[in-house]
Amino acid sequence: MTKRNGRTIRYGSRLMALSTAALGLVAAMTVPAAADDGPAREQLIADCASGEGKCSFNEPTLGKAYLGDFRQVSNSLYNCSTSDATQSMGWADTVGSTDSAGVSVTAGGKIAGLIDLSVTATYSHTWSSSHTENSSLNMTVKPGEVGWISRAQVMQTVSGTWQTHYDSPKWGHYFWFVPDTVTGPAPNGTDGQSNAVTVKTRKMTESEKASCSAEAKQGRAFVVKR
């Protein structure tokens, strides 16, 4: 039996003795557990991560890649002069993965490894829970403005079902199942989507202008802040 909406799907096993005149047959029968008698989803995932439960990530389905949100990846350049200010700014960005509950999927962890194993077996290419890039970019900021570098990463979801098997019954059952969707970075160019890096600017606030004026009096054309 499958229960949707992100809730844990649970199955257990019991033995039903069947006797016949010719054969003494014992068969295992799988039955669903009651809705509220089992562990929380977080507990099952934790057991997968720790290895207490023997887990696999079954039937992975990759969603269509999309460009994620832009976010600041550099310091901010405050132009305190009366002319355009240009400077080479370094930037660095690390994008990780999160599951359907918003929990981080740690790079190099057991959970990430199980997802990668499943995706690789199904799609013949690896899946990574984290991606890091860094570079530099020349940026020009007009007088009285603030500039910074923003970056957007190509993202993709992978949906599947965690199967957790215990050596001894836990919460009354050997097997438990929980659906999950993990969102993480995808290789540049996936489904025609490309990572993006851009320079963004805005006008200084009044308080920033006041602070900038003090710097300008000391002969600084611009101020770099995070």
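Two residues are in contact when heavy atoms of theirs lie within 4.5 Å of each other. Keep that in mind for the tour of this predicted model.

**Stop 1: S118**

Select S118, which lies in helix α2. Which residues is S118 in contact with, leaving aside its neighbours within four places in sequence? They are F57 and P60. Is S118 buried or exposed? Its relative accessible area is 11%, and buried means under 20%, so S118 counts as buried.

**Stop 2: the whole of helix α2**

Now extend the selection to residues 110-123, which make up α2. This helix has 14 residues. From its first C-alpha to its last it reaches 20 Å, close to the 20 Å expected at 1.5 Å a residue.

Colour I111, A112, L114, I115, S118 and V119, the buried residues of α2. These residues cover an arc of only 165° around the axis, so they sit on the same side of α2. Then turn the helix: on the other side, L117 and A121 are exposed.

What do the buried residues of α2 pack against? Show α1, β3, β9 (104-105), β12 and β13, and you have their packing partners. Before leaving the helix, select S124, just after α2, where phi is positive at about 65°.

**Stop 3: the nonpolar core**

The largest nonpolar core has 18 residues. Select V105, I111, I115, W127, V158, W162 and V182, the members that touch the most other members. At least two residues of this core come from each of α1 (41-50), β3 (54-62), α2 (110-123), β12 (154-170) and β13 (173-185). Which of these elements supplies the largest share? It is α2, with 5 residues.

Zoom in on I111. Not counting residues up to four places away in sequence, I111 touches I45, C48, A49, V105 and W162. I111 also belongs to the buried set of α2.

**Stop 4: the strands around β12**

Show β12 together with β3. The two strands pair in the antiparallel sense over 7 bridges. To find one position in this region, select T61, which stands opposite S159 in β12.

Next add strand β4 (residues 66-67), which runs antiparallel to β12 and is joined to it by 2 bridges. Here Y66 stands opposite M155 of β12.

Then add β13. How many bridges pair β12 with β13? There are 12, again in the antiparallel sense. Pick T164 and look across to β13, where its bridge partner is W176. While the strands are on screen, follow the side chains along one of them. In a regular strand the side chains alternate between the two faces of the sheet.

**Stop 5: the hairpin and its aromatic rings**

Follow β12 into β13. Their hairpin has 2 residues between the strands, and W171 takes a positive phi near 55° in it.

Now show the aromatic side chains. A search of the whole structure finds 3 aromatic pairs. Why is the pair of W171 and W176 called edge-to-face? The ring centres are 6.1 Å apart and the planes are at 85°, and planes over 60 degrees apart count as edge-to-face, so the pair takes that name.

Compare how the two are exposed to the surroundings. W171 has 30% relative accessibility, so it counts as partly exposed. W176 has 0% relative accessibility, so it counts as buried. To finish, add Y166, which forms one aromatic cluster with W171 and W176.

Technical notes: Residues are numbered from 1 along each chain as its sequence is written. This is a predicted model: local features need pLDDT of at least 70, side-chain atom pairs count only at pLDDT 80 or more; totals for chains, interfaces and linings use all residues. Side-chain values use heavy atoms; hydrogens and water are left out. A nonpolar core is a set of buried Ala, Val, Leu, Ile, Met, Phe, Trp, Tyr and Cys residues joined through side-chain atoms within 4.5 Å. Buried means under 20% relative accessible area, exposed over 50%, partly exposed in between (1.4 Å probe, protein chains only). Helices (H or I, at least four residues) and strands (E, at least two) are DSSP runs, numbered from the N terminus. Rings of Phe, Tyr and Trp (its six-membered ring) pair if their centres lie within 6.5 Å; planes under 30 degrees apart count as stacked, over 60 as edge-to-face and the rest as tilted. Two strands pair if DSSP finds at least two bridges between them. The expected span of a helix is 1.5 Å times one less than its number of residues. The arc is that of the directions from the helix axis to the C-beta atoms.
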